[in-house]
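Q: I'm new to looking at protein models, and I'd like a close look at one thing: the salt bridges. Please take me through some examples, and tell me about the parts of the model they sit in.

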Amino acid sequence: MTNYSLRITWLYPRLMNIYGDRGNVRALEQRCRWRGIAADIARVGIGDELTAGETDIYFFGGGQDREQVAVAADLRGPTGEAIRRDMAADVVALTVCGGYQLFGHYYRPYETEDLPGIGIFDAWSDAGPDRFIGNVLSETEWGTLVGFENHSGRTFLGEGTRPFGRVVVGHGNNGQDGTEGAMTRNAFGCYLHGSLLPKNPAFADHLIGLALRRKYGPDAMLLPLDDTMEGEAHAAAAHRAKQTR
Amino acid sequence: MSLLPDLRLTAALATAKGTYRATQLLGRSGGTAIPGLVAERVDPLLIGKLAARLPEGAIVVAGTNGKTTTARMLAEILTAAGKSVLNNGAGSNLSRGIATAFARQSSLLGWPGADIAVIETDEGAFPGVVAAVRPRVIVLNNLFRDQLDRYGELNSVAAKWKIALSRLGPGTSLVFDADDPTLCALADAAPAGTSLVPFGLGPHAYTLPELTHAADAVLCTKCGAPLEYHALSVGHLGDWYCPTGDNARPPLAFAATNIRLLGMEGATFTVSHEAARPFDITTRVPGLYNIYNALGASVTAVTLGVTSEIVAGALRTFVAPFGRIERVALHGRRLTLALIKNPTGANEVLRLVTSATPAPLLLCINDLIADGRDVSWLWDTDFEMLADYPAPISVSGIRAFDMAVRLKYAGVPEERISVVPTIADALVAVAEQASPDSDAYVLPTYTAMLAAREALHTLGALRDVWATAERR
């Protein structure tokens, strides 16, 4: 068997670290490790150097408004440029909440000036009058995903980007059109905390599989794992989503 | 002040007292919220009116972690000093719970029936409570990330507190944990004439090697640069400074020195003051985070003129309130209950559990409104500390499987995790995993703790579901 290895780049882990999103990095890392795939985690903070062509999977989570301003400024420099080059080369990315918004064209707060994003998704976000908070069920190509949304931004998709899912429970992108998240090439964005990947292992494996096939060719295979426990947690979360909203 | 009875207030108090008796007769859960809720409907100014009549005024205690323990410590110290103290207990720290506490203790004519009030308030309720009560002393423990779905982000809570503090009347004392950079920035916003009393930890042997993942407020509030620490104690609390040189922890009015942690049994430290004689504290409440609570209570009491002998005596016999390190006997085993509700608090409890004698461990996770609907915080908590835990681990509660998955990804072998969905069954099981006369640890979220107490009551291990189990 080939010795597979993947580099996971975690964008701004110190600043975009709220809402438990690090569980996604943990899930990618462990699900690689349990299959004998070496996974190394590179943390990229403000001012750090990021070289295009070295990353197999990006993760970019949610942060508070103050931190998001500092991150948006850093993304206007070489880090943003490196990410854009990798995205054009089909590198895999999962972005959540604030990270998702900054992968769009801009985030427009109420009073202060626009935060420019890096424009991977043909999407833009405006601050809304209130927050969407609660459990979410989103129907996707990889099954029904469970998660928890907590955002005031309303995200709208342009023609160049498809929705990642459709909300069965919850508000999703904007509370109007039923869409949840966005996807372009191998980049995915959504508002699903929870963390997302541990309770949605099929989608976690989809990301790992995409990264492996991109790096090692179409024959790269993922060994199955016992996901009984994750399945129980998914079922419990789905049940709570229907009960609580 | 009018000598005529305030009819609206009297009507509100009569309503509250009647409702309280009704909740007691129905055996409803403690009756800490509903009487105050209906009373405030009748007289929205109830809290303020009663607080204004307290001969020695009111103290408001706020913060994400430790406010209940600090408020109870302070209430016991003041009681030991011979004062009659009004205190809203059992976590009833929203406006309605505070109104209930006032209404229960006061006469129908609106005399509060106490010398002084120690009021614990929830982060969200803090600005309203401060405006209504006009406290003599405000005690601020810390601001951590807590239940984002209820309170919003930390920065928005801090912004609301800042406005509340900027409106303090002259002569108010602000006792605050200067190890928290966010609180120092808030204290800067207090108007001239506020008496600032910063406290914090002196050098000690229990520092963290680096900021935990869950740490908040890592940026300098003046220039935005990441803060650094001479010593890091709990979460983002410590002896902090900005590397650009524009900001640092202010000089401490009071410091805890000679800190010694005694596992699950308690701790000792010295309260050092810039001007007065230092004095020693021994407490049965364990963990470094409880040093902050005991220090905050001691400093406040000293500020109010209580002698160091009375402070030390009251803290020596103090028993932790309601599920915050509480010891209950079940089937001949000692269960220690420790509430977990947010990443930093839970990390400290895990630090305590993994440094104490290894014993069977039960984690109970609920997602009701009082717990926070969002269980994402489990992923910000460092359950990795349990990867090599040498005793059995079980999980229970509405989100038992979320907890199980969290442990699995933290590196706990799957076969070592048992899932027992019903909390009552899980309590019996964890007790039976322990040998007779030995320990088991139970870590519940807030409503899981209430469920655990109900179950322990049914099992005959707890006499009163709503009272602290231990007697001195």
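A: Let's start with a bit of vocabulary: a helix here is a DSSP run of type H or I with at least four residues, and helices are numbered from the N terminus. Keep in mind too that this is a predicted model.

Helix H1 of chain A covers residues 22–33, and both A:Glu29 and A:Arg26 lie in it, three residues apart, or about one turn of the helix. These two form a salt bridge, with their closest N and O atoms 3.0 Å apart. The general idea is simple: side chains of opposite charge can pair when their charged atoms come close. A:Arg26 has a relative accessibility of 18%, and the cut-off for buried is under 20%, so A:Arg26 counts as buried. Over all chains, the count comes to 31 salt bridges.

That pair stays inside one helix, so let's look at a pair that sits in two loops. B:Lys83 and B:Glu56 meet through their side chains at 3.0 Å, N to O. B:Lys83 is in the loop between helix H4 (67–80) and strand S2 (85–87) of chain B, while B:Glu56 is in the loop between helix H3 (46–52) and strand S1 (58–62) of chain B, so the pair ties together parts that are 27 residues apart in sequence. B:Glu56 is partly exposed, with a relative accessible area of 28%.

For the next pair, it helps to meet a hairpin of chain B. Strand S12 (residues 324–330) of chain B has seven residues and five of them are buried, so S12(B) is largely enclosed by the rest of the structure. Six bridges join S12(B) to strand S13 (residues 333–338) of chain B, and the two strands run antiparallel. Two residues lie between the strands of this hairpin, and B:His331 takes a positive phi near 50 degrees there. Across the strands, B:Ala329 stands opposite B:Arg334 in S13(B).

Now follow B:Arg334 to its salt bridge partner, B:Asp439: their closest N and O atoms are 3.1 Å apart. This pair links distant parts of the chain, since B:Asp439 is in strand S17 (residues 439–444) of chain B and B:Arg334 is in strand S13 of chain B, 105 residues apart. B:Asp439 counts as buried at 18% relative accessibility, whereas B:Arg334 is partly exposed, with a relative accessible area of 44%. Salt bridges can also share partners: that's how A:Arg31, A:Arg35, A:Asp205, A:Asp227, A:Glu230, B:Lys408 and B:Glu414 join into one network.

Finally, let's go to where the two chains meet. The contact takes 38 residues from chain B and 39 residues from chain A. Together they bury about 3,400 Å², 53% of it on carbon and sulfur atoms. Five salt bridges cross this interface. One such pair is B:Asp402 with A:Lys199, where the closest N and O atoms are 2.5 Å apart. There are also 16 residue pairs in polar contact between chain B and chain A. On the side of chain B that touches chain A, helix H7 (148–151), helix H8 (154–166), helix H13 (377–380) and helix H14 (400–410) of chain B each supply at least two residues. H14(B) gives the most, with eight residues. Sorted by class, that side of chain B has 17 nonpolar, seven polar and 14 charged residues.

Definitions and conventions: Residues are numbered from 1 along each chain as its sequence is written. Chains are lettered from A and ligands numbered from 1 in the order in which they are written. This is a predicted model: local features need pLDDT of at least 70, side-chain atom pairs count only at pLDDT 80 or more; totals for chains, interfaces and linings use all residues. Side-chain values use heavy atoms; hydrogens and water are left out. Buried means under 20% relative accessible area, exposed over 50%, partly exposed in between (1.4 Å probe, protein chains only). Two strands pair if DSSP finds at least two bridges between them. Contact means heavy atoms within 4.5 Å. Buried area is the accessible area (1.4 Å probe) that two parts lose on being put together, summed over both. A salt bridge is a side-chain nitrogen of Lys or Arg within 4 Å of a carboxyl oxygen of Asp or Glu. A polar contact is a pair of N or O atoms within 3.5 Å; within protein, one must be able to donate a hydrogen and the other to accept it, and residues adjacent in sequence count only if both atoms are side-chain atoms. Ala, Val, Leu, Ile, Met, Phe, Trp, Tyr, Cys and Pro count as nonpolar, Asp, Glu, Lys and Arg as charged, and the others, Gly among them, as polar.
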